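Me: I would like a close look at one part of this model, namely its charged side chains and the way they are paired or left unpaired. Please take me through them in one connected account.

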Amino acid sequence: MHGHEWDATDAAGLAPGGAFARPEGHRLVPLATALLQSDGLILHWSDDAEALLGYTAEEAVGSYAARLLTDDTDRPEVLDIFRRIMAGTGTSFVFPVRHRDGHKVELEFRTYPIAGPSGTLLLLATASDTRALHEIEADLAVLDGIFGRSPIGMAVYDTQLRFVRINEALARMNGVPVAGHLGRRITVVLPGINSVEIEQTMRQVLKSGKPVVDARSHGRVPGDPKRDRAWSASYFRLEDSTGKVFGVASSIIDVTERFQAEARAARAQERLATIAEATARIGTTLDLQRTAEELIEAVVPRFADFATVDLLEPVLRGAEPTAIPSDRSVTLRAVAVGESYESGLAHAVDVVGETSEYAPDRSYTQCLRSGRPLLRAHVDEEVLRGLVSSEDRIAPGMAAGIHSYLMVPITARGMVLGGSEFIRMRNPEPFTDADVALAEELVARTALALDNARLYRRERETALTLQRSLLPQEIHRTLGLEIAYRYLPSSVVSEVGGDWFDVVPLSCGRVALVVGDVMGHGIRAAATMGQLRTVARTLATLDMPPEQVLTRLDETASGIGEGQFATCICAVYDPLERTVQVASAGHLPPVWVDTDGTARTIEVPPGVPLGVGGVAFESIEFTLPEGSMLALYTDGLVERRGQDLDDGIDLLARTLSQTGRTLEQSCDAVLAALVTDGTEDDIAMIMARALPVAADRIATLPLTGGGKLPGRARRFTRATLEGWGLSALSDYAELMVSELVTNALLHAEAPRRLRLFRDRVLTVEVSDAGGQTPQLRPFAEQDEGGRGMFLVSELAQRWGSRLTRDGKVVWAELELPFGAS
């Protein structure tokens, strides 16, 4: 048949290269093919035939198969087999044939007699190495055993992620028969698990070829629809030696118990983290509301979607809480409310500052009374009805999606302060006993901080009340001087301070301005301040000069107790002379501002703080022109941490130098400039501006020259009072003037001046050169003298004397008629 135009490979239906046309893929066992004539002549020899037996196609084609492949001893048997095959149908058998190198290869043959051109009988033979076949069969048996008997779930998916093969172990895990998987995707077979995420992982493996180990999946399967389960899966790509991808294989094990243990550990760690964060966050201040807000910030949204803190009314007042009676309702005020998103639930609870009253039979009230937590893991309308304070809050609560509720009483030292509510809506997990324990821990920490804040508030209110009661309740109008003042308690320090100020009206229209600062804080400092202020006011009203006032104050401070020190400045202003006498006990210098805006500090001998003892004080005197201003203050106004004290005083002076302001506006401007973010100390400040004294308020008569001075003084007094519309006081005033001038003539020998001064009272003042103060002394009925000062004392509302640099002044006051001013 050599030289015939017919192509044997085409007739045999073979693909190019000599193999059967078949889907491309890796052939694990070479399959040799040959085409023979009826006499055994080889017409076609495939590449796999060459690979099995060593003969090339050039060597085999045209040779007789029996001669090429068998020995003499085997040849008769081969020829006999060949004749039977050609006489019948296709068959299969195993027979050893000779390799080109001489060794025997046992092959498994499959033969197919076929009709060639013109009816010629041909034989198509295929052969495989039986040893290789046995190895493949063994491998397949092992793989089938692993796949079929493995307790680990195993599956194979095609490139479309459809199940191709699945073992019984995985089918049992899923609760779906093997047949129910094949040809379907996991999203269809197991819709209750995170199948979309699983398919994303398999697509990644298909694309990259990189295996994925311990990919977690979770959810519910048809075999166990009421319980969440978890699995660990590993995925790898299936491909042949040429790189052609066939799909993905997976191995899956059930890790539900481990997953649950990990989840419990994660929740425990989360609880510890929450407690640690809350510990650092809660109780940073001694403010009730801020402490409640810190609890809300610690639990929302990590622990609850919505939370509230409500406190009993007595607690907010700082009072001691009492037991809740079983037959009485309870009233609470909302202190803090927080939510993780706009849920609408805010319409079902009190806004901050509002109060609600809970009836005795409400679950909320009973929980407060017992002091034990109230857990409602699952909330419906009936449960919510027992929790809210009024029926109109049920619908908003259900609309917001409340499904789990927890309330923990806020208790400290065995007493209930209020309650804290925790609510879940978006968070699908109901509150558990572990959540109750966590909430109790957080609320207990909050309760301690709240109770400390309550006690602090009570103590601070007590101290502030004491402090306010010791400060001037009213500043009386002073003729010839406009006064404004400010007092600011500390905004940072947890206790009240000992700063004080006072405006003390003196005789003859004069006024004493006192500003002091007790070192330290607390009730003791406030009490010391009150003592010093009272003593200073008393000493000032005795017409003592400023330096003597400070000397006596120093003695008082030394006697109060060891370590009680204070700074103080005392200034006395005379509106008639426009003079200021000022002395300092370790205090900051006053600031003087001229009418043109020039501002400077007054250099006063600094002295030592009160309480040091044994050191003399000095005063200076200066004139305060009409329209000029004087400012006294404590160090809380100008002293700031990290800033030089002189810088604060300079800023005060610059602020006061701005002209065109009223005194009240100047006070506000100073606080705005110097107190920008609170102060660590109290602030006391007095500002005084010299005003003109109207001519109808003062009248002066020099007591010099000849003539009878008492008579001149009486006539001057009557004429002055008539001019002022005070004739009703003339008789008393004339008598007092006559006695005072006469007394000066008799005992001082040099009367100098009579001055009438009308302010809140009518003041009669006589100055002389004497240094001895008049005194009341007993007299007998028959005595001709000694009654003068007794008479003055009986007529006057108040009288007294004071020493001056060149003598003394004796004065007496008469109360003005009703309606006169």
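Reply: In this predicted model, a good place to begin is a network of salt bridges that links Asp 224, Arg 227, Arg 229 and Asp 254. That network belongs to a wider set, since a search of the whole structure finds 47 salt bridges, and a few individual pairs show in what settings such contacts occur.

Consider Asp 451 and Arg 454, whose side chains meet in a salt bridge with an N to O distance of 2.9 Å. Both residues belong to helix α16, which covers residues 433-470, and they are 3 residues apart, about one turn of the helix. As for their surroundings, Asp 451 and Arg 454 are both buried.

The salt bridge of Asp 129 with Arg 131, in which the closest N and O atoms are 3.7 Å apart, has its two partners in unlike settings: Asp 129 has a relative accessible area of 13% and is therefore buried, the limit being under 20%, whereas Arg 131, with 54%, lies over the 50% limit and so counts as exposed.

A further pair is made by Glu 621 and Arg 805, with 3.6 Å between the closest N and O atoms. Glu 621 is part of strand β24 (residues 619-623), while Arg 805 sits in the loop between β30 (798-804) and β31 (807-815), so this salt bridge ties together parts that are 184 residues apart in sequence. Glu 621 is partly exposed, its relative accessible area being 41%, and Arg 805, at 67% relative accessibility, counts as exposed.

Charged residues also occur outside such pairs, for Asp 644, Asp 646, Asp 647 and Asp 650 form a negative surface patch, and residues in a patch have no salt bridge. Of these four, Asp 650 can be placed in helix α19, which spans residues 645-656. Its relative accessible area of 40% makes Asp 650 partly exposed, and because a patch takes residues with over 30% relative accessible area, this value is enough for Asp 650 to be included.

One last acidic residue can be located by its distance from a proline: Asp 499 is 10 residues from Pro 489 in sequence, and their C-alpha atoms are 8.7 Å apart in space. Pro 489 itself is found in the loop between β17 (481-488) and β18 (497-505), where, at 35% relative accessibility, Pro 489 counts as partly exposed.

How values were computed:
Residues are numbered from 1 along each chain as its sequence is written. This is a predicted model: local features need pLDDT of at least 70, side-chain atom pairs count only at pLDDT 80 or more; totals for chains, interfaces and linings use all residues. Side-chain values use heavy atoms; hydrogens and water are left out. Patches are made of residues with over 30% relative accessible area and no salt bridge: like charges are joined within 9 Å, nonpolar side chains (Val, Leu, Ile, Met, Phe, Trp, Tyr) within 5 Å. Accessible areas come from the Shrake-Rupley method with a 1.4 Å probe; for residues, only the protein chains shown count as cover. A salt bridge is a side-chain nitrogen of Lys or Arg within 4 Å of a carboxyl oxygen of Asp or Glu. Lys and Arg count as positive and Asp and Glu as negative; His and the chain ends are not counted. The place of a charge is taken as NZ of Lys, CZ of Arg, CG of Asp or CD of Glu. Helices (H or I, at least four residues) and strands (E, at least two) are DSSP runs, numbered from the N terminus. Buried means under 20% relative accessible area, exposed over 50%, partly exposed in between (1.4 Å probe, protein chains only).
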